[in-house]
Amino acid sequence: MSNMEHDRWSRVKGRLRSSVGEDVYSSWFARMDLEAVQQESVHLSVPTRFLKSWIQTHYSEKVLTCWQAEMPEVCRIDLTVRSPMRAAATKEAPAPAEHRRDEHRPAADARSHAAAPAPSNHDALGGSPLDPRLTFASFVVGRSNTLAHAAAKQVAEGRRGDPVMFNPLYIHSGVGLGKTHLLQAVTWAGNSGTERKVLYLTAEKFMYGFVASLKTQTSLAFKEALRGIDVLVIDDLQFLQGKTTQAEFCHTLNALIDAGRQVVVAADRPPADLESLDERVRSRLAGGLVVEMAPLGEELRLGILKSRVVAARTHHASFDVPQSVLEYLAHAITHNGRDLEGAINRLLAHSKLNAQPVTLEMAEHEVRDLIRPQEPKRIKIEDIQRVVARQYNVSRSDLLSSRRTANVVRPRQVAMYLAKTLTLRSLPEIGRRFGGRDHTTVLHAVRKIEGLVSKDVTLSDEVESLKRQLQE
Ligand code: ADP
Ligand code: MG
(Lines give C-alpha, C1' and ligand atoms only; values in the text may rest on other atoms or scores of the structure.)
(Ligands and ions follow the chains in the order given, each with its own letter.)
Protein backbone atom coordinates (compact mmCIF):
# COMPACT_ATOMS: atom_id res chain seq x y z
CA MET A 1 0.00 0.00 0.00
CA SER A 2 1.38 3.39 -0.91
CA ASN A 3 1.67 6.08 1.70
CA MET A 4 -1.04 8.00 -0.03
CA GLU A 5 -3.38 5.06 0.05
CA HIS A 6 -2.52 4.43 3.63
CA ASP A 7 -3.39 7.99 4.61
CA ARG A 8 -6.54 7.91 2.63
CA TRP A 9 -7.62 4.70 4.27
CA SER A 10 -6.93 6.24 7.68
CA ARG A 11 -9.14 9.17 6.81
CA VAL A 12 -11.93 6.92 5.58
CA LYS A 13 -11.74 4.99 8.81
CA GLY A 14 -11.84 8.26 10.73
CA ARG A 15 -14.99 9.25 8.86
CA LEU A 16 -16.59 5.90 9.54
CA ARG A 17 -15.68 6.13 13.17
CA SER A 18 -17.23 9.51 13.63
CA SER A 19 -20.29 8.61 11.62
CA VAL A 20 -21.19 5.37 13.45
CA GLY A 21 -19.70 6.11 16.85
CA GLU A 22 -16.87 4.47 18.71
CA ASP A 23 -18.79 1.42 19.95
CA VAL A 24 -20.12 0.39 16.61
CA TYR A 25 -16.87 1.16 14.91
CA SER A 26 -14.78 -0.97 17.20
CA SER A 27 -17.28 -3.81 16.97
CA TRP A 28 -17.63 -4.03 13.23
CA PHE A 29 -14.89 -2.11 11.50
CA ALA A 30 -11.79 -2.43 13.62
CA ARG A 31 -10.81 -5.59 11.76
CA MET A 32 -11.58 -4.32 8.31
CA ASP A 33 -8.51 -4.00 6.08
CA LEU A 34 -7.84 -2.24 2.84
CA GLU A 35 -6.66 -4.68 0.17
CA ALA A 36 -6.57 -2.56 -2.95
CA VAL A 37 -7.92 0.52 -4.64
CA GLN A 38 -8.74 0.45 -8.35
CA GLN A 39 -10.12 3.44 -10.21
CA GLU A 40 -13.75 2.99 -9.31
CA SER A 41 -13.75 0.22 -6.82
CA VAL A 42 -12.23 -0.39 -3.44
CA HIS A 43 -11.39 -3.83 -2.19
CA LEU A 44 -11.75 -4.35 1.57
CA SER A 45 -11.48 -7.48 3.64
CA VAL A 46 -12.69 -8.78 6.98
CA PRO A 47 -11.73 -11.94 8.86
CA THR A 48 -15.08 -13.75 9.00
CA ARG A 49 -18.05 -14.48 6.79
CA PHE A 50 -20.32 -13.26 9.48
CA LEU A 51 -18.65 -9.85 9.61
CA LYS A 52 -18.84 -9.63 5.87
CA SER A 53 -22.57 -10.23 5.66
CA TRP A 54 -23.20 -8.03 8.63
CA ILE A 55 -21.36 -5.08 7.15
CA GLN A 56 -22.93 -5.67 3.77
CA THR A 57 -26.46 -5.68 5.08
CA HIS A 58 -26.12 -2.91 7.60
CA TYR A 59 -23.34 -0.60 6.61
CA SER A 60 -22.52 -0.90 2.92
CA GLU A 61 -24.00 2.49 2.07
CA LYS A 62 -22.14 4.11 4.87
CA VAL A 63 -18.80 2.62 3.87
CA LEU A 64 -19.30 3.73 0.31
CA THR A 65 -20.23 7.25 1.34
CA CYS A 66 -17.17 7.55 3.51
CA TRP A 67 -14.99 6.49 0.58
CA GLN A 68 -16.70 8.85 -1.79
CA ALA A 69 -15.99 11.71 0.56
CA GLU A 70 -12.29 10.99 -0.04
CA MET A 71 -12.50 9.71 -3.60
CA PRO A 72 -15.66 10.80 -5.42
CA GLU A 73 -14.98 8.45 -8.33
CA VAL A 74 -15.43 5.33 -6.20
CA CYS A 75 -18.74 3.67 -6.96
CA ARG A 76 -18.25 0.15 -5.68
CA ILE A 77 -16.97 -1.53 -2.55
CA ASP A 78 -15.87 -5.16 -2.80
CA LEU A 79 -15.82 -6.85 0.54
CA THR A 80 -14.22 -10.25 0.91
CA VAL A 81 -13.29 -12.64 3.67
CA ARG A 82 -9.57 -12.76 4.19
CA SER A 83 -7.83 -16.01 3.30
CA PRO A 84 -7.83 -18.72 5.97
CA MET A 85 -4.05 -18.41 6.26
CA ARG A 86 -4.27 -14.92 7.59
CA ALA A 87 -7.46 -15.58 9.48
CA ALA A 88 -5.82 -18.54 11.21
CA ALA A 89 -2.95 -16.39 12.31
CA THR A 90 -5.28 -14.10 14.19
CA LYS A 91 -7.79 -16.68 15.35
CA GLU A 92 -6.47 -17.10 18.85
CA ALA A 93 -6.84 -13.47 19.73
CA PRO A 94 -10.40 -12.28 19.47
CA ALA A 95 -9.92 -8.76 20.78
CA PRO A 96 -10.30 -6.38 17.85
CA ALA A 97 -7.43 -4.16 18.96
CA GLU A 98 -5.03 -7.01 18.45
CA HIS A 99 -5.94 -7.51 14.85
CA ARG A 100 -4.90 -4.19 13.57
CA ARG A 101 -2.15 -4.41 11.09
CA ASP A 102 -0.66 -1.07 12.03
CA GLU A 103 2.66 -2.59 12.89
CA HIS A 104 3.79 0.41 14.81
CA ARG A 105 1.56 -0.37 17.77
CA PRO A 106 2.75 -3.72 19.07
CA ALA A 107 3.72 -2.43 22.50
CA ALA A 108 0.33 -0.91 23.16
CA ASP A 109 -1.39 -4.06 22.01
CA ALA A 110 0.70 -6.29 24.18
CA ARG A 111 -0.10 -4.13 27.18
CA SER A 112 -3.79 -4.12 26.60
CA HIS A 113 -3.70 -7.87 26.18
CA ALA A 114 -1.94 -8.36 29.49
CA ALA A 115 -4.24 -5.98 31.31
CA ALA A 116 -7.46 -7.45 30.01
CA PRO A 117 -7.22 -11.02 28.84
CA ALA A 118 -10.00 -11.72 26.39
CA PRO A 119 -12.62 -13.85 28.07
CA SER A 120 -13.69 -16.95 26.22
CA ASN A 121 -17.03 -16.89 24.48
CA HIS A 122 -18.52 -18.67 27.39
CA ASP A 123 -17.41 -16.02 29.84
CA ALA A 124 -18.40 -13.26 27.53
CA LEU A 125 -21.86 -14.70 27.23
CA GLY A 126 -22.26 -16.43 30.57
CA GLY A 127 -26.00 -16.94 30.77
CA SER A 128 -27.93 -15.81 33.81
CA PRO A 129 -28.19 -18.41 36.54
CA LEU A 130 -30.98 -20.94 36.18
CA ASP A 131 -33.13 -22.26 38.98
CA PRO A 132 -33.32 -26.07 38.70
CA ARG A 133 -36.87 -26.05 40.02
CA LEU A 134 -38.24 -23.98 37.18
CA THR A 135 -39.00 -26.68 34.63
CA PHE A 136 -41.96 -27.74 32.55
CA ALA A 137 -42.54 -30.58 34.99
CA SER A 138 -43.25 -28.13 37.80
CA PHE A 139 -45.21 -25.68 35.69
CA VAL A 140 -48.93 -25.96 36.26
CA VAL A 141 -51.10 -25.28 33.24
CA GLY A 142 -54.40 -23.49 33.61
CA ARG A 143 -56.75 -21.33 31.63
CA SER A 144 -54.66 -18.18 31.97
CA ASN A 145 -51.43 -19.68 30.66
CA THR A 146 -52.45 -22.45 28.25
CA LEU A 147 -51.35 -20.61 25.14
CA ALA A 148 -48.09 -19.33 26.60
CA HIS A 149 -47.28 -22.82 27.85
CA ALA A 150 -48.08 -24.44 24.51
CA ALA A 151 -45.96 -21.93 22.61
CA ALA A 152 -43.05 -22.30 25.02
CA LYS A 153 -43.27 -26.08 24.79
CA GLN A 154 -43.23 -25.90 21.03
CA VAL A 155 -40.14 -23.72 21.08
CA ALA A 156 -38.40 -26.01 23.56
CA GLU A 157 -39.06 -29.10 21.47
CA GLY A 158 -37.78 -27.65 18.20
CA ARG A 159 -34.66 -29.13 16.66
CA ARG A 160 -31.79 -27.39 15.00
CA GLY A 161 -32.78 -26.43 11.49
CA ASP A 162 -36.52 -26.84 12.07
CA PRO A 163 -38.53 -24.03 10.54
CA VAL A 164 -39.36 -21.49 13.21
CA MET A 165 -43.11 -21.12 13.68
CA PHE A 166 -43.31 -17.83 15.47
CA ASN A 167 -40.47 -15.46 16.01
CA PRO A 168 -39.99 -13.89 18.38
CA LEU A 169 -42.21 -15.50 20.97
CA TYR A 170 -43.13 -12.64 23.28
CA ILE A 171 -44.74 -13.44 26.62
CA HIS A 172 -46.02 -10.72 28.89
CA SER A 173 -47.88 -10.54 32.18
CA GLY A 174 -47.88 -8.83 35.52
CA VAL A 175 -45.29 -9.80 38.10
CA GLY A 176 -45.21 -13.29 39.59
CA LEU A 177 -47.39 -14.97 37.01
CA GLY A 178 -44.83 -17.42 35.70
CA LYS A 179 -42.86 -15.73 32.92
CA THR A 180 -39.45 -16.52 34.35
CA HIS A 181 -40.60 -20.02 35.19
CA LEU A 182 -41.67 -20.63 31.62
CA LEU A 183 -38.55 -19.10 30.10
CA GLN A 184 -36.23 -21.12 32.28
CA ALA A 185 -38.24 -24.24 31.49
CA VAL A 186 -37.59 -23.57 27.80
CA THR A 187 -33.90 -23.20 28.55
CA TRP A 188 -33.61 -26.39 30.59
CA ALA A 189 -35.59 -28.42 28.10
CA GLY A 190 -33.77 -27.01 25.11
CA ASN A 191 -30.33 -27.62 26.54
CA SER A 192 -30.92 -31.20 27.57
CA GLY A 193 -31.09 -33.85 24.94
CA THR A 194 -30.99 -31.82 21.78
CA GLU A 195 -27.92 -30.49 20.08
CA ARG A 196 -29.24 -26.98 20.30
CA LYS A 197 -27.76 -24.22 22.35
CA VAL A 198 -30.22 -22.19 24.37
CA LEU A 199 -29.04 -19.11 26.18
CA TYR A 200 -31.05 -17.48 28.94
CA LEU A 201 -30.19 -13.88 29.74
CA THR A 202 -31.95 -11.30 31.77
CA ALA A 203 -32.04 -7.94 30.01
CA GLU A 204 -29.67 -6.68 32.68
CA LYS A 205 -27.24 -9.47 31.94
CA PHE A 206 -27.50 -8.71 28.26
CA MET A 207 -26.62 -5.10 29.01
CA TYR A 208 -23.93 -6.01 31.48
CA GLY A 209 -22.36 -8.59 29.19
CA PHE A 210 -22.44 -6.17 26.35
CA VAL A 211 -21.09 -3.22 28.22
CA ALA A 212 -18.42 -5.29 29.92
CA SER A 213 -17.32 -6.76 26.64
CA LEU A 214 -17.14 -3.32 25.08
CA LYS A 215 -14.84 -2.29 27.89
CA THR A 216 -12.56 -5.25 27.38
CA GLN A 217 -12.86 -4.78 23.64
CA THR A 218 -14.33 -8.19 23.06
CA SER A 219 -17.72 -7.08 21.94
CA LEU A 220 -17.06 -8.76 18.66
CA ALA A 221 -16.50 -12.07 20.39
CA PHE A 222 -19.61 -11.46 22.42
CA LYS A 223 -21.68 -10.80 19.36
CA GLU A 224 -20.35 -13.63 17.33
CA ALA A 225 -20.91 -16.02 20.18
CA LEU A 226 -24.42 -14.69 20.66
CA ARG A 227 -25.13 -15.53 17.09
CA GLY A 228 -23.76 -19.01 17.57
CA ILE A 229 -26.74 -19.99 19.64
CA ASP A 230 -30.00 -21.50 18.47
CA VAL A 231 -32.41 -20.02 20.94
CA LEU A 232 -31.93 -16.72 22.72
CA VAL A 233 -34.15 -16.24 25.73
CA ILE A 234 -34.34 -12.75 27.22
CA ASP A 235 -36.17 -12.12 30.46
CA ASP A 236 -37.50 -8.83 31.83
CA LEU A 237 -36.96 -6.92 28.63
CA GLN A 238 -38.57 -3.84 30.18
CA PHE A 239 -35.23 -3.25 31.91
CA LEU A 240 -33.25 -2.90 28.71
CA GLN A 241 -31.82 0.59 28.73
CA GLY A 242 -29.31 2.74 26.98
CA LYS A 243 -29.12 3.73 23.37
CA THR A 244 -26.12 1.64 22.39
CA THR A 245 -27.41 -1.49 24.07
CA GLN A 246 -30.76 -1.05 22.45
CA ALA A 247 -29.22 -0.59 19.06
CA GLU A 248 -27.22 -3.74 19.63
CA PHE A 249 -30.24 -5.59 20.90
CA CYS A 250 -32.03 -4.55 17.75
CA HIS A 251 -29.17 -5.78 15.55
CA THR A 252 -28.95 -9.03 17.47
CA LEU A 253 -32.68 -9.57 17.25
CA ASN A 254 -32.74 -8.94 13.53
CA ALA A 255 -29.68 -11.05 12.86
CA LEU A 256 -31.00 -13.99 14.84
CA ILE A 257 -34.47 -13.85 13.39
CA ASP A 258 -33.19 -13.45 9.86
CA ALA A 259 -30.93 -16.43 10.39
CA GLY A 260 -33.91 -18.53 11.45
CA ARG A 261 -32.90 -18.69 15.10
CA GLN A 262 -35.55 -18.60 17.75
CA VAL A 263 -35.91 -15.64 20.08
CA VAL A 264 -38.05 -15.75 23.21
CA VAL A 265 -38.74 -12.63 25.20
CA ALA A 266 -40.63 -11.90 28.40
CA ALA A 267 -41.65 -8.52 29.76
CA ASP A 268 -44.16 -7.04 32.12
CA ARG A 269 -46.04 -5.25 29.36
CA PRO A 270 -46.91 -5.65 25.67
CA PRO A 271 -44.36 -4.58 23.05
CA ALA A 272 -46.22 -1.38 22.23
CA ASP A 273 -45.86 -0.25 25.85
CA LEU A 274 -42.09 -0.63 26.05
CA GLU A 275 -41.71 3.11 26.09
CA SER A 276 -37.98 3.36 26.13
CA LEU A 277 -37.52 1.12 23.11
CA ASP A 278 -37.18 2.37 19.61
CA GLU A 279 -40.20 1.98 17.34
CA ARG A 280 -38.41 -0.47 15.03
CA VAL A 281 -37.58 -2.80 17.90
CA ARG A 282 -41.11 -2.63 19.20
CA SER A 283 -42.62 -3.53 15.89
CA ARG A 284 -40.13 -6.34 15.38
CA LEU A 285 -41.04 -7.68 18.81
CA ALA A 286 -44.72 -7.46 18.02
CA GLY A 287 -44.20 -9.21 14.70
CA GLY A 288 -44.02 -12.74 16.07
CA LEU A 289 -46.40 -14.32 18.53
CA VAL A 290 -47.39 -12.10 21.44
CA VAL A 291 -49.03 -13.95 24.30
CA GLU A 292 -50.37 -12.46 27.48
CA MET A 293 -50.58 -14.51 30.64
CA ALA A 294 -53.62 -13.47 32.61
CA PRO A 295 -53.68 -13.42 36.41
CA LEU A 296 -53.74 -16.90 37.92
CA GLY A 297 -57.26 -18.27 38.37
CA GLU A 298 -58.24 -19.88 41.64
CA GLU A 299 -58.01 -23.38 40.22
CA LEU A 300 -54.54 -22.70 38.90
CA ARG A 301 -53.49 -21.25 42.22
CA LEU A 302 -54.66 -24.43 43.92
CA GLY A 303 -52.68 -26.48 41.41
CA ILE A 304 -49.54 -24.46 42.07
CA LEU A 305 -49.93 -24.81 45.84
CA LYS A 306 -50.32 -28.56 45.51
CA SER A 307 -47.26 -28.89 43.35
CA ARG A 308 -45.29 -26.83 45.87
CA VAL A 309 -46.34 -29.11 48.68
CA VAL A 310 -45.32 -32.14 46.65
CA ALA A 311 -41.94 -30.54 45.98
CA ALA A 312 -41.45 -29.72 49.68
CA ARG A 313 -42.29 -33.28 50.66
CA THR A 314 -39.31 -34.66 48.78
CA HIS A 315 -37.14 -33.19 51.55
CA HIS A 316 -39.65 -33.09 54.37
CA ALA A 317 -41.66 -36.26 54.14
CA SER A 318 -43.77 -35.47 57.19
CA PHE A 319 -44.95 -32.13 55.83
CA ASP A 320 -48.59 -32.20 54.94
CA VAL A 321 -51.14 -29.51 54.18
CA PRO A 322 -54.82 -30.42 54.48
CA GLN A 323 -57.02 -29.81 51.44
CA SER A 324 -59.06 -27.23 53.37
CA VAL A 325 -55.96 -25.16 54.01
CA LEU A 326 -54.91 -25.37 50.37
CA GLU A 327 -58.33 -24.20 49.29
CA TYR A 328 -58.27 -21.39 51.76
CA LEU A 329 -54.86 -20.22 50.50
CA ALA A 330 -55.89 -20.54 46.85
CA HIS A 331 -58.91 -18.42 47.57
CA ALA A 332 -57.20 -15.80 49.70
CA ILE A 333 -53.86 -15.26 48.00
CA THR A 334 -54.81 -13.87 44.66
CA HIS A 335 -51.87 -11.86 43.55
CA ASN A 336 -49.09 -13.94 42.30
CA GLY A 337 -47.18 -17.15 42.26
CA ARG A 338 -44.44 -15.77 44.43
CA ASP A 339 -46.85 -15.26 47.32
CA LEU A 340 -48.20 -18.78 46.89
CA GLU A 341 -44.69 -20.10 47.13
CA GLY A 342 -44.03 -17.87 50.14
CA ALA A 343 -47.13 -19.17 51.88
CA ILE A 344 -46.06 -22.79 51.53
CA ASN A 345 -42.56 -21.94 52.74
CA ARG A 346 -43.95 -20.32 55.86
CA LEU A 347 -46.22 -23.20 56.65
CA LEU A 348 -43.29 -25.53 56.21
CA ALA A 349 -41.05 -23.46 58.46
CA HIS A 350 -43.70 -23.08 61.09
CA SER A 351 -44.63 -26.74 61.22
CA LYS A 352 -40.95 -27.77 61.34
CA LEU A 353 -39.92 -25.31 64.02
CA ASN A 354 -42.89 -25.99 66.23
CA ALA A 355 -43.24 -29.64 65.31
CA GLN A 356 -46.94 -29.07 64.74
CA PRO A 357 -49.27 -30.16 61.96
CA VAL A 358 -50.60 -27.47 59.64
CA THR A 359 -54.07 -26.26 60.55
CA LEU A 360 -56.40 -23.70 59.06
CA GLU A 361 -55.99 -21.46 62.06
CA MET A 362 -52.23 -21.53 61.83
CA ALA A 363 -52.38 -20.87 58.07
CA GLU A 364 -54.62 -17.83 58.58
CA HIS A 365 -52.21 -16.43 61.07
CA GLU A 366 -49.05 -17.17 59.10
CA VAL A 367 -50.10 -15.73 55.78
CA ARG A 368 -52.19 -12.78 56.88
CA ASP A 369 -49.80 -10.23 55.39
CA LEU A 370 -49.86 -12.00 52.04
CA ILE A 371 -53.56 -11.35 51.71
CA ARG A 372 -54.04 -8.02 50.07
CA PRO A 373 -57.14 -6.19 49.03
CA GLN A 374 -58.16 -6.78 45.44
CA GLU A 375 -55.86 -4.83 43.19
CA PRO A 376 -57.51 -2.56 40.65
CA LYS A 377 -57.60 -4.01 37.20
CA ARG A 378 -54.85 -3.04 34.77
CA ILE A 379 -56.49 -0.73 32.27
CA LYS A 380 -55.11 -0.54 28.77
CA ILE A 381 -55.06 2.43 26.45
CA GLU A 382 -56.75 0.35 23.74
CA ASP A 383 -59.62 -0.40 26.12
CA ILE A 384 -60.02 3.28 26.84
CA GLN A 385 -60.07 4.10 23.15
CA ARG A 386 -62.58 1.35 22.44
CA VAL A 387 -64.96 2.33 25.25
CA VAL A 388 -64.76 6.06 24.50
CA ALA A 389 -65.30 5.48 20.79
CA ARG A 390 -68.39 3.41 21.57
CA GLN A 391 -69.81 5.96 23.96
CA TYR A 392 -69.45 8.85 21.52
CA ASN A 393 -70.26 6.85 18.45
CA VAL A 394 -67.02 7.52 16.60
CA SER A 395 -64.50 4.97 15.40
CA ARG A 396 -61.25 4.22 17.15
CA SER A 397 -59.35 5.33 14.06
CA ASP A 398 -61.16 8.67 14.26
CA LEU A 399 -59.68 9.10 17.72
CA LEU A 400 -56.21 8.38 16.37
CA SER A 401 -56.64 10.42 13.19
CA SER A 402 -55.68 14.03 12.69
CA ARG A 403 -59.31 15.07 12.13
CA ARG A 404 -60.20 18.15 14.10
CA THR A 405 -63.99 18.29 13.88
CA ALA A 406 -65.73 18.91 17.18
CA ASN A 407 -67.41 15.51 17.30
CA VAL A 408 -63.97 13.85 17.31
CA VAL A 409 -61.91 16.40 19.23
CA ARG A 410 -63.86 16.16 22.48
CA PRO A 411 -63.98 12.33 22.65
CA ARG A 412 -60.26 12.27 21.83
CA GLN A 413 -59.54 14.66 24.70
CA VAL A 414 -61.66 12.59 27.05
CA ALA A 415 -59.82 9.45 26.02
CA MET A 416 -56.43 11.10 26.59
CA TYR A 417 -57.59 12.37 29.95
CA LEU A 418 -58.68 8.87 30.96
CA ALA A 419 -55.41 7.42 29.70
CA LYS A 420 -53.53 9.84 31.94
CA THR A 421 -55.67 9.29 35.02
CA LEU A 422 -56.32 5.53 34.78
CA THR A 423 -52.96 4.23 33.56
CA LEU A 424 -49.36 4.84 34.52
CA ARG A 425 -48.40 5.80 31.00
CA SER A 426 -46.42 8.99 30.47
CA LEU A 427 -47.62 11.92 28.41
CA PRO A 428 -45.27 11.21 25.47
CA GLU A 429 -46.34 7.57 25.48
CA ILE A 430 -50.00 8.52 25.45
CA GLY A 431 -49.34 10.96 22.63
CA ARG A 432 -47.69 8.23 20.66
CA ARG A 433 -50.58 5.86 21.20
CA PHE A 434 -52.98 8.50 19.96
CA GLY A 435 -51.66 8.65 16.44
CA GLY A 436 -48.25 10.08 17.24
CA ARG A 437 -49.25 13.29 18.94
CA ASP A 438 -46.94 15.52 20.89
CA HIS A 439 -46.98 15.31 24.70
CA THR A 440 -48.01 18.95 24.92
CA THR A 441 -51.19 18.07 23.02
CA VAL A 442 -51.95 15.40 25.59
CA LEU A 443 -51.24 17.78 28.43
CA HIS A 444 -53.57 20.32 26.88
CA ALA A 445 -56.34 17.70 26.59
CA VAL A 446 -55.89 16.56 30.18
CA ARG A 447 -56.07 20.14 31.52
CA LYS A 448 -59.04 20.93 29.31
CA ILE A 449 -61.11 17.98 30.54
CA GLU A 450 -60.03 18.52 34.14
CA GLY A 451 -61.32 22.07 33.86
CA LEU A 452 -64.57 21.05 32.20
CA VAL A 453 -65.63 18.22 34.54
CA SER A 454 -65.80 20.62 37.46
CA LYS A 455 -68.30 22.82 35.58
CA ASP A 456 -70.08 20.65 33.04
CA VAL A 457 -72.35 18.11 34.77
CA THR A 458 -73.13 16.16 31.61
CA LEU A 459 -69.48 15.72 30.78
CA SER A 460 -68.60 14.79 34.32
CA ASP A 461 -71.35 12.12 34.31
CA GLU A 462 -70.04 10.78 31.02
CA VAL A 463 -66.51 10.58 32.38
CA GLU A 464 -67.69 8.80 35.52
CA SER A 465 -69.66 6.31 33.48
CA LEU A 466 -66.65 5.65 31.26
CA LYS A 467 -64.49 5.06 34.32
CA ARG A 468 -67.01 2.58 35.69
CA GLN A 469 -67.16 0.69 32.40
CA LEU A 470 -63.37 0.48 32.30
CA GLN A 471 -62.99 -0.64 35.87
CA GLU A 472 -65.59 -3.39 35.69
P1 ADP B 1 -42.65 -13.64 36.73
O2 ADP B 1 -41.35 -13.93 36.06
O3 ADP B 1 -43.80 -13.60 35.77
O4 ADP B 1 -42.62 -12.46 37.62
P5 ADP B 1 -42.13 -16.14 38.06
O6 ADP B 1 -41.93 -17.04 36.89
O7 ADP B 1 -40.92 -15.69 38.79
O8 ADP B 1 -43.01 -14.89 37.65
O9 ADP B 1 -43.15 -16.85 39.05
C10 ADP B 1 -43.24 -16.53 40.42
C11 ADP B 1 -43.40 -17.80 41.22
O12 ADP B 1 -44.64 -18.40 40.91
C13 ADP B 1 -42.34 -18.82 40.90
O14 ADP B 1 -42.00 -19.46 42.09
C15 ADP B 1 -43.02 -19.76 39.96
O16 ADP B 1 -42.48 -21.04 40.04
C17 ADP B 1 -44.45 -19.71 40.43
N18 ADP B 1 -45.40 -19.94 39.35
C19 ADP B 1 -46.00 -19.01 38.57
N20 ADP B 1 -46.80 -19.59 37.66
C21 ADP B 1 -46.69 -20.91 37.86
C22 ADP B 1 -47.29 -22.06 37.25
N23 ADP B 1 -48.16 -21.94 36.24
N24 ADP B 1 -46.96 -23.27 37.72
C25 ADP B 1 -46.09 -23.39 38.75
N26 ADP B 1 -45.51 -22.37 39.37
C27 ADP B 1 -45.79 -21.14 38.95
MG1 MG C 1 -39.58 -12.84 36.13
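Let's start with a pair of helices. Helix 11, residues 243-258, packs against helix 12, residues 279-286, at an angle of about 35°. Their axes are 10 Å apart. Keep in mind that this is a predicted model. The crossing of helix 11 and helix 12 is left-handed.

Which residues in helix 11 meet helix 12? They are F249, C250, L253, N254, I257 and D258. On the helix 12 side, the partners are V281, R284 and L285. What is the make-up of this contact? Six residues are nonpolar, one is polar and two are charged.

Now the sheets. Take the one with three strands. This sheet is open, its order is 1-2-3, and its pairing is mixed. Strand 1, at 33-37, and strand 3, at 76-81, are the edge strands. Each of those pairs on one side only. Neighbouring strands here are turned by 25° against each other on average, if we ignore direction.

Look at strand 2, residues 41-46. Strand 2 and strand 3 run parallel, and six bridges join them. For one position to find on screen, go to S45. Opposite S45 stands T80, in strand 3.

On to the sheet of five strands. Again it is open, and the order reads 5-6-7-4-8. Here the pairing is parallel. Which strands sit at the edges? Strand 5, at 198-202, and strand 8, at 289-292. Each pairs on one side only. From one strand to the next, the twist averages 15°.

Strand 8 is joined to strand 4, residues 169-172, by four bridges. Those two strands run parallel. Within that pairing, Y170 has V290 in strand 8 as its bridge partner.

What lies across this sheet? Helix 8, residues 179-191, lies across strand 4, strand 5, strand 6 at 231-235, and strand 7 at 262-267. Helix 8 runs at about 155° to strand 5.

Last stop, ligand 1. How many residues are around ligand 1? There are 18. Of these, V140, G176, H181, R308 and R338 come nearest.

Now some polar atoms at the ligand. N145 has a polar side-chain atom 3.2 Å from a nitrogen atom of ligand 1. E341 also brings a polar side-chain atom, and that one lies 2.8 Å from an oxygen atom of ligand 1. With G178, the backbone takes part: an N or O atom there lies 3.1 Å from an oxygen atom of ligand 1.

That's the tour. Questions are welcome.

Terms used
Residues numbered from 1 in each chain as written. Chains lettered and ligands numbered in written order. Predicted model: local features only at pLDDT ≥ 70, side-chain atom pairs only at ≥ 80, totals over all residues. Heavy atoms only, no water. Axes fitted to C-alpha atoms, helices over the stretch in contact; angles between N-to-C directions. Left-handed = near helix turned anticlockwise from the far one by under 90°. Contact = heavy atoms within 4.5 Å. Nonpolar A, V, L, I, M, F, W, Y, C, P; charged D, E, K, R; others polar. Pairing = 2+ DSSP bridges. Near = heavy atom within 4 Å. Polar contact = N/O pair within 3.5 Å; in protein donor to acceptor, adjacent residues only side chain to side chain.
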